[in-house]
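User: I'm new to this one and would like to get to know its charged pairs. Could you walk me through them?

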Amino acid sequence: MPLATVLIRYWQGHASKIASKVQAKISLALWNEFFGDDLVSDLSIDRQEAFMVWLKAKGHKNAYVSRTMSVGRAAIRRAWQRGEITSAPFIIDERDRSDEDEPYRLSKAEMRKLLKTAQDWPHLYIFMMISLNTLARPGAVLDLSPFQIDLDSRLIDLNPHGRKRTKKGRPVVPATETILPFVTRRDVSRFVNWHGKPIQSIKKGFATVVKAAGLPKDVTPYSLRHTMAAELRARGVPAWEVEGLLGHKLPGVTEKYAKFAPDYLGHGAKAIDAYFTDLLNSKENFDGFNINRVPLALHTDLSPKDELINFSMISKGKMVDPTGIEPVTPTMST
């Protein structure tokens, strides 16, 4: 059977319906571009190795090559399971994952520069703030909706209702003081959106902000997660609590009822808030970064001059008269 047929059937019958369909589509296109009219039986080890060399020549890192190989592997395995092919060739993997072992971690100065630059792109700024405060993977941040926020219990369930929990855990995490102004609205389908519409991928926009901030291109959306994980450990947060925030399954930490404990992942939440306080108060903050500006232009019908609203104008997800009527205490002060 032509490999292209297997790839198309996999897309139509499965991949087009999964959460990571954008990445799957790209990977399938790469397989099809390289192998062309090859048959499944033509997938020798030598051809596969040549494919990986071709991918790396395009500038893709080992982790990306590994994910691309896994999509083709899944397509072939599905065809074999459904009896469309009589045998499934062994699909190799990229074993050297060194580029993921040491991900880029941002210094505080770099983080301030990145966040200040991102404020010109409100949807990216919100993405970054949610990422940093939850340690969630990019896909979980893009999926986050008001229905996942329990303001009474101050908990955020990173796994949308009805979505099957996978090995890449999406845990329940505490809502920090810093994140509250970004997740209190109830009139949006996704907190990270473009003119009200959900965003499938943040990679290109994120890269644009990184470049505009003058930071290395090695800074990726995953850098936010890894930076905070390292930061929490440096601040003395227990390893098991950091693992829980990252979504790694741990008995007594991510089990069903652990989230109802009063101190659930509390050290981590306090450390995250302390990190942002340090970002603001550091003597190195020469660029005047001010976190107390919440971009809401992509969520409401506000005029351009109202794109950035001060924390003090938000109370439990409702706009408050900025003249002083019904005042609230800002979540953080500078």
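**Salt bridges, pair by pair**

Analyst: Sure, and keep in mind that this is a predicted model. Let's start with one pair: Arg185 forms a salt bridge with Asp187, and their closest N and O atoms are 2.7 Å apart.

User: Is Arg185 buried or exposed?

Analyst: The cut-off for buried is under 20% relative accessible area. Arg185 comes in at 11%, so this residue counts as buried.

User: And what about its partner Asp187, buried or exposed?

Analyst: Here the cut-off to look at is over 50%. Asp187 has 52% relative accessibility, so Asp187 counts as exposed.

User: How far apart are the closest N and O atoms of Arg82 and Glu84?

Analyst: Arg82 is exposed, at a relative accessible area of 54%, while Glu84 is partly exposed at 24%. The two form a salt bridge, and the gap between the closest N and O atoms is 3.6 Å.

User: Which residue does Arg235 pair with in helix H12?

Analyst: Arg235 sits in the loop between helix H10 (221-234) and helix H11 (239-246), and its partner is 43 residues away, in helix H12 (residues 266-281). The closest N and O atoms of this salt bridge are 2.6 Å apart, and the partner is Asp278.

User: Which residues are joined with Arg235 and Asp278 into one network?

Analyst: Arg235 is partly exposed at 29%, and Asp278 is partly exposed too, at 31%. Salt bridges with shared partners tie this pair into one network with Lys108 and Glu231.

User: How many salt bridges are there in total?

Analyst: The pairs we looked at include Arg185 with Asp187 and Arg235 with Asp278. The full count of salt bridges is eleven.

How values were computed:
Residues numbered from 1 in each chain as written. Predicted model: local features only at pLDDT ≥ 70, side-chain atom pairs only at ≥ 80, totals over all residues. Heavy atoms only, no water. Salt bridge = Lys/Arg side-chain N within 4 Å of Asp/Glu carboxyl O. Buried < 20%, exposed > 50% of the residue type's maximum accessible area, 1.4 Å probe, protein only. Helix = DSSP H or I, 4+ residues; strand = E, 2+ residues; numbered from the N terminus.
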